[in-house]
Amino acid sequence: MTDMQYVAPSTLDEAVSAYAAANGDGRILAGGTDLLVQMRAGMVTPGLIVDIKNVAEMTSIEETSDGGFVVGAAVSGAVLEEHPKFGSVWPGVLEALNLIGSTHVQGRASAGGNLCNGSPAADSVPALIAAGAIATVQGPTGRREIAVEDVPTGPGSTSLAPGEILVSFTFPPRPPGSSDAYLRMIPRTEMDIAVVGVGVSLTLEDGVCTAARVGLGAVAPTVLLVEDAANALIGSKLDDAAIEAAAAACSAACNPIDDKRGTIAYRTKVAGVLLKRTADIAANRARGA
Ligand SMILES: Cc1cc2nc3c(=O)[nH]c(=O)nc-3n(C[C@H](O)[C@H](O)[C@H](O)COP(=O)(O)OP(=O)(O)OC[C@H]3O[C@@H](n4cnc5c(N)ncnc54)[C@H](O)[C@@H]3O)c2cc1C
């Protein structure tokens with residue numbers, strides 16, 4: 001058995017080179033709140049750890065000239081919370097990331113790690129999908145952009161090619177009257193895995209919903225973008241019929257597992273209930289935006 005190597009490069013190019021040179025035997029280390037647990041359990045035994053926290057682009061938060069944001073993949077929830085503006089523009093993304101684990105975990109856990117770990121129950125992912133966030137990835141053949149909903153491909157797997165590293169998330173500029181929210185159902189009050197998680201982002205103009213996106217977690221092999229739910233909201237005044245139709249679309253999108261946290265019937269029902277509550281919170285925030 002060879003010793004495990006650890007590198008902490010200060011540039012993205014060095015990180016990409018080192019990771020690619022490991023030929024699939026490397027692992028990226030962001031906060032480590034998944035990776036280190038998996039290593040201790042013997043689930044993964046990487047030959048090389050590439051710590052990305054010294055790469056400025058992966059730990060920075062930038063407001064773009066058009067009012068969007070670019071958030072480094074390794075930014076922790078605690079650091080994102082300290083940003084003077086991000087949380088007022090994207091409160092749902094922030095609350096999703098800061099539902100993860102405990103205060104201690106939130107000081108380390110990143111949205112990049114949450115997405116790349118590939119859990120269908122990853123809390124920040126429905127909110128990122130609802131936000132329309134775009135993932136920038138870089139690998140040996142260059143840089144590309146992928147919609148967040150196209151990153152997970154199944155439990156524990158992603159569409160990142162061998163050697164590719166997730167660099168950052170780009171959040172679009174928001175028109176006035178826009179906001180978002182994330183809610184999850186867990187059997188305990190905290191420190192548990194979502195049975196269902198719903199992210200809703202929407203825009204209201206004169207009381208009419210002109211744009212919406214819905215992300216749905218923990219009810220299928222990957223977190224889902226539920227376009228039928230968004231379409232039920234768009235063009236409505238978020239009246240009962242529109243909300244009921246969006247809730248029904250979320251329940252219809254469910255293809256969940258049956259486990260000790262929730263049966264298939266329970267998860268399917270809760271998906272609709274949470275859609276209603278999450279849309280209500282997002283709409284109230286948008287009215288105040
Ligand atoms: C006590 C505890 C409670 C938790 N509670 C929750 C919870 O409530 N909700 C929830 O969703 N999760 C929870 N988690 C899981 C974990 O904290 C989150 O998934 C977290 O967001 C992972 O981020 P990280 O930065 O620590 O990732 P890491 O552990 O560093 O990485 C996770 C995986 O992604 C890969 N990776 C990381 N960054 C990149 C990148 N930029 N490019 C390519 N690959 C990358 C790593 O190689 C690894 O395979 C919990 C974990 C613990 C230990």
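The following exchange concerns a predicted model and the reasons behind several descriptions of it.

Biologist: What makes D206 exposed?

Modeller: A residue is exposed if 12 or fewer other C-beta atoms lie within 10 Å of its own. D206 has 7 such atoms within 10 Å, and is therefore exposed. D206 is placed in the loop between strand 12 and strand 13.

Biologist: Why is A218 called buried or exposed?

Modeller: The cut-off for a buried residue is 20 or more other C-beta atoms within 10 Å. A218 has 30 of them, so A218 is buried. A218 lies in the loop between strand 13 and strand 14.

Biologist: What is to be noted about phi in D206 and in A218?

Modeller: Most residues other than glycine have a negative phi. D206 is not a glycine, yet has a positive phi of about 50°. A218, also a residue other than glycine, has a positive phi near 70°. A positive phi of about 50° is found in N23 as well, just after helix 1.

Biologist: How do you know where the buried residues of helix 1 lie around its axis?

Modeller: The buried residues of helix 1 (residues 12-21) are A15, V16 and Y19. Viewed down the helix axis, they fall within an arc of 95°, and therefore line one face of helix 1. These buried residues pack against strand 2, strand 3, strand 6 and strand 10.

Biologist: What makes both faces of strand 2 covered?

Modeller: G26 and I28 on one side of strand 2 are buried, as are R27 and L29 on the other. Both faces of the strand are thus covered.

Biologist: How do you know that strand 2 and strand 3 pair?

Modeller: Pairing requires at least two bridges between the strands. Strand 2 and strand 3 (residues 48-51) have four, in the parallel sense. Within this pairing, R27 stands opposite I49 of strand 3.

Biologist: Which elements make the right-handed β-α-β unit?

Modeller: The unit consists of strand 2, helix 2 and strand 3. With the strands pointing away from the viewer, a right-handed path from the first strand over the helix to the second runs clockwise.

Biologist: Which residues come nearest to the ligand, and which elements supply its shell?

Modeller: Of the 29 residues around the ligand, A30, G31, G101, G113 and N114 come nearest. Strand 2, helix 2, helix 8 and strand 10 each give two or more residues to the shell. Helix 8 provides the largest share, four residues. By class, the shell contains 16 nonpolar, nine polar and four charged residues.

Key: Residues numbered from 1 in each chain as written. Predicted model: local features only at pLDDT ≥ 70, side-chain atom pairs only at ≥ 80, totals over all residues. Near = placed C-beta within 6 Å. Nonpolar A, V, L, I, M, F, W, Y, C, P; charged D, E, K, R; others polar. Arc of directions from axis to C-beta. Contact = placed C-beta atoms within 7 Å.
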